[in-house]
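Me: I would like to go through this model by question and answer. Please keep the replies short.

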Amino acid sequence: MFVDRQVVVEVQGKQISFQILAVLEFNSDRKRMSVLCRLPDGRVRLYSKGADSMIYARLAPQQAVEQGSQPHLAEMAGEGLRTLCLGQRDIPDREYQIWSSSYHEATVALQGREEAVAAQAEAIETNLTLLGATAVEDRLQDGVPQAISTLSAAGIKEASEQRKSNMEDYDSVGVKSATNMMEFSGEELHAAKGLA
């Protein structure tokens, strides 16, 4: 529950209060959200939750748990589950004070606010320690598990859609792999959809 920018959680039968310092909202570009909070002992901690690829890209180097979790994430994704990871980092007080000032300036900027806020979020969401991973059922469409497995087996790292202004017609779908870039026009995409 929230009480005046605080969240109270029960841990092993004991209620613990965390002061919420900042919430870095989720959006489709970031594919993650984070919260900075002050722990009961006064330390500042960042918790970040999001797509496994987004959290992995922000982990501190050489974490053994990262390599141990990858096969489990691949298995869950192959079953059509949406995988999420959780990371954390303790932020030294001085770093937090400097960041907080810059973040505040970004949130009140009259021009380029969205980009400035995103840059500040990117700056603080680094060197995370992986806490764990989870998966949730994603009821999008039949065939999602097979599509994920096929894309993963092909070494495809990123898929993105570019849409025309009417948001109904696909302008193109680009799929980037480690070795090449394939482009599908809207006509080819609609034809492929007709085969499904």
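The questions below take the strands first and then a pair of helices; the model is a predicted one.

Me: How many bridges join strand β1 to strand β2?

Reply: Strand β1 covers residues 6-11 and strand β2 covers residues 14-24. The two run antiparallel, and Val8 stands opposite Ser17 in β2. The number of bridges joining them is six.

Me: Which residue in the turn between β1 and β2 has a positive phi?

Reply: β1 and β2 form a hairpin, with two residues between them. One residue in that turn has a positive phi of about 50 degrees, and this is Gln12.

Me: Which residue in β3 does Ile20 stand opposite?

Reply: β2 is also joined to strand β3 (residues 32-38) by five bridges, and these strands run antiparallel. In this pairing, the residue opposite Ile20 is Cys37.

Me: Is Gln120 buried or exposed?

Reply: Gln120 lies in helix α4, residues 113-124. Its relative accessibility is 18%. Buried means under 20%, so Gln120 counts as buried.

Me: Which residue of helix α3 is in contact with Arg113, Ala116, Val117 and Gln120?

Reply: Helix α3 spans residues 93-107. The residue asked for has 5% relative accessibility and therefore counts as buried. Contacts of Gln120 beyond four places in sequence include this residue, along with Trp99, Ser102 and Tyr103. The residue is Ala106.

Me: What separates the C-alpha atoms of Ala106 and Val117?

Reply: Ala106 and Val117 are eleven residues apart along the chain. They are in contact. Their C-alpha atoms are separated by 5.2 Å.

Key
Residues are numbered from 1 along each chain as its sequence is written. This is a predicted model: local features need pLDDT of at least 70, side-chain atom pairs count only at pLDDT 80 or more; totals for chains, interfaces and linings use all residues. Side-chain values use heavy atoms; hydrogens and water are left out. Helices (H or I, at least four residues) and strands (E, at least two) are DSSP runs, numbered from the N terminus. Buried means under 20% relative accessible area, exposed over 50%, partly exposed in between (1.4 Å probe, protein chains only). Contact means heavy atoms within 4.5 Å. Two strands pair if DSSP finds at least two bridges between them.
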